[in-house]
Amino acid sequence: MAVLRGDIELAGLTKSYDGVHTVVQGINLKIPDGAYCCFLGPSGCGKTTILRMIAGHEDPTDGEILIGGENVVGLPPVTRGTAMMFQSYALFPHLSVRDNVAFALRIRGLSKADRYRKTDAMLEKVRLSELADRLPAQLSGGQQQRVALARAAITEPRVLLLDEPLSALDEQLRVRMRLELQRMQRDLGITFVHVTHSQLEAIALADMVVVMDRGEIKQAGPARDVYAAPRDRYVAEFLGGQNVFSGRVDAIKDNLVSFAAPQMKHVAVPAGSSRVGKGDIIDVAVRRDDVDLIRPGIDLAPDTSSLASRVLAVEYQGNFVKVMLDATGEDEFVAYVPERVFFRDPYTIGDVVQATWPCHLARLLAKTTSPTA
Amino acid sequence: MRVSRSTISWLYVSPLMFVLIPFFVLPILVVLVASVFETDGFGGLIPTFTLANYATVLTSGLTFNLYLATVKFTVLTWFFTLLLGFFVAYFLVFHVRNPLLAIGLFLICTVPFWTSNIIRMISWIPLLGKEGLINSALLRIGLIREPLEFLLYSGFAVVVAYVHQLTIFMIVPIFNSMARIDKRVVEAAIDAGASRFDIMRLIIVPLSKSGIALGSIFVASIVMGDFFVTKVMSGGGSASVVSAFYEDISVLQYPGAAASAIVLTVVLLAMVALILRTVDIRKEITR
């Protein structure tokens, strides 16, 4: 049998349930073969709808879905070479673990001996051999998840679609299962498309993160790019770890943007390739772990931005300390200070500090607010 | 005031007991006692213990024939109500997308129950009778030359009337158990490549078992315990177990009737036990 490619291409993919509201708005995306792709977004952003359209449980209103270069729109799920792992797993409650996993093989008409041989090998892989005769209700959440995974993988799909696979688990188990998913993906070597609302999950697992908002892709790329270089305020805030603030542009000199507001006179941001003009209101992002705190009065190195502020709250996080500041008015401004650094000279609530960072580490975000707003 | 836990438990079951004891336990005790008394032949009971009533019931060939006839009606009715009930419920749960429409259609299923049982039976006469709609239509288009006799006052008519009356007792519990099937479970089966028939056979039927069992209990116990439909729709041509001891009562043979009633109760209990053995309803419901 020829090896089927599991690359996915979505072209102008659109879905509307009622003809008035579109839940997916003309998505274009290429997912390479064998990638671990995470669709990330809040509930109602259309990510599950996309997954269900790839799986064939939902028909697109418009657009194409290509798997391995072949348009699969209108094909039934089983001919697409996809398998879906459902949210809360949707295991067959009346069948044993073994029969759950063997279900697709039974449909394909394999003899009992054949399908149990394959199934037992798969159960071995997900370490469920001892539980093969249990019913789903007698399993823990993590075990159920492994059954669901085995049931989806038994058909040897080229694409595995996972709908919020970890959301039904508690925190500790979620971290363990994350590793399990990663291991399975490496073992199987097929494309995984995983839908989640948890940015932690997405960046921990994915080769490719697709951030969605209201039916549109906001940014798609490797996890590190999306996390470290968010394109706009939405992506930056959704992925977290960034301070986002806005200001009115005063001048652009030597490719450095400076701001009009008096409290931001020591802030400069590289303009990069974006076109900004005097008077524009622009969003700026600075990673929280790039922010250093310095007592007032100490001289700063050149090419350093700083904001004068007051400590609002201090939260000990173990390996770092989260210091919340009032530097940017309404926008939350937080510094992640390494634990040892913080306790050399701890700050308390109400202390006046300077939040500083090297100018070149701040990033200009794509505009989401118009200058007149 | 502190109330012990067992008192509270008794309080919880008391409403049910207030209904069950006077309306079920006491009457059945009276029947049980009457069944082992002798009769004076004029409606009086002589309080001496005897098993003669049971001996008469159990050794009579008539009893066997009556049970055979009643079981035949029960099985036929059960089969057709199950067939109809299952597919009506299946349609309502899995094919009607709009839940409001499903509830509306479900209510329409209950419309026949807005009229009395007797009227519903009588209304079959103009349809099935010798000069009824079906016969005259078939005569008119020349399919038959003589009116079909078996349509009314026959075993056929009895089964038609029972199915008409009792299908709803199948629809309701099956609808209920189907409605609790997670739609994603069905999707998971589609994802695995299951055809509509596979899904029905491997997913829906096994997961509707409790509803099917409950509906079967309703239908079987109602048909076994009924004599009126048999009597009216067969035109007196068929008898049932109950009609026999109804005759006994009308000639004041209370102990004999009581013994028959106890035998029927035992048979019904055995049937229900058999159904419950096949399907563990308690386990299915708490699943």
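This is a short talk about how chain A and chain B touch, plus a quick look at one residue of chain B.

Okay, hi everyone. One thing up front: what you see here is a predicted model.

Let's start with who takes part. Chain A puts 22 residues into the contact, and chain B puts in 16. Together the two chains bury about 1700 Å², and 66% of that is on carbon and sulfur atoms. If you want names on the chain A side, look at His94(A), Phe103(A) and Ile107(A): these lose the most area to chain B, and together they make up 30% of what that side buries.

Now, what about charges and polar pairs? The rule finds 1 salt bridge across this interface. Its partners are Arg52(A) and Glu187(B), with the closest N and O atoms 2.6 Å apart. On top of that, 5 residue pairs across the interface are in polar contact.

So where in chain A does that surface come from? Three elements each supply at least two residues: helix H1 (47-55), strand E6 (82-85) and helix H2 (97-107). The top contributor is H2(A), with 4 residues. Sorted by class, the chain A side has 13 nonpolar, 5 polar and 4 charged residues.

Last stop, over in chain B: Ala179(B). You'll find this one in helix H8, which covers residues 155-179. Is Ala179(B) buried or exposed? Well, in between: its relative accessibility is 42%, so it counts as partly exposed. And have a look at Ala89(B) while you're there. Ala89(B) and Ala179(B) are 90 residues apart along the chain, yet their C-alpha atoms are separated by 8.9 Å.

That's it from me, thanks!

Technical notes:
Residues are numbered from 1 along each chain as its sequence is written. Chains are lettered from A and ligands numbered from 1 in the order in which they are written. This is a predicted model: local features need pLDDT of at least 70, side-chain atom pairs count only at pLDDT 80 or more; totals for chains, interfaces and linings use all residues. Side-chain values use heavy atoms; hydrogens and water are left out. Contact means heavy atoms within 4.5 Å. Buried area is the accessible area (1.4 Å probe) that two parts lose on being put together, summed over both. A salt bridge is a side-chain nitrogen of Lys or Arg within 4 Å of a carboxyl oxygen of Asp or Glu. A polar contact is a pair of N or O atoms within 3.5 Å; within protein, one must be able to donate a hydrogen and the other to accept it, and residues adjacent in sequence count only if both atoms are side-chain atoms. Ala, Val, Leu, Ile, Met, Phe, Trp, Tyr, Cys and Pro count as nonpolar, Asp, Glu, Lys and Arg as charged, and the others, Gly among them, as polar. Buried means under 20% relative accessible area, exposed over 50%, partly exposed in between (1.4 Å probe, protein chains only).
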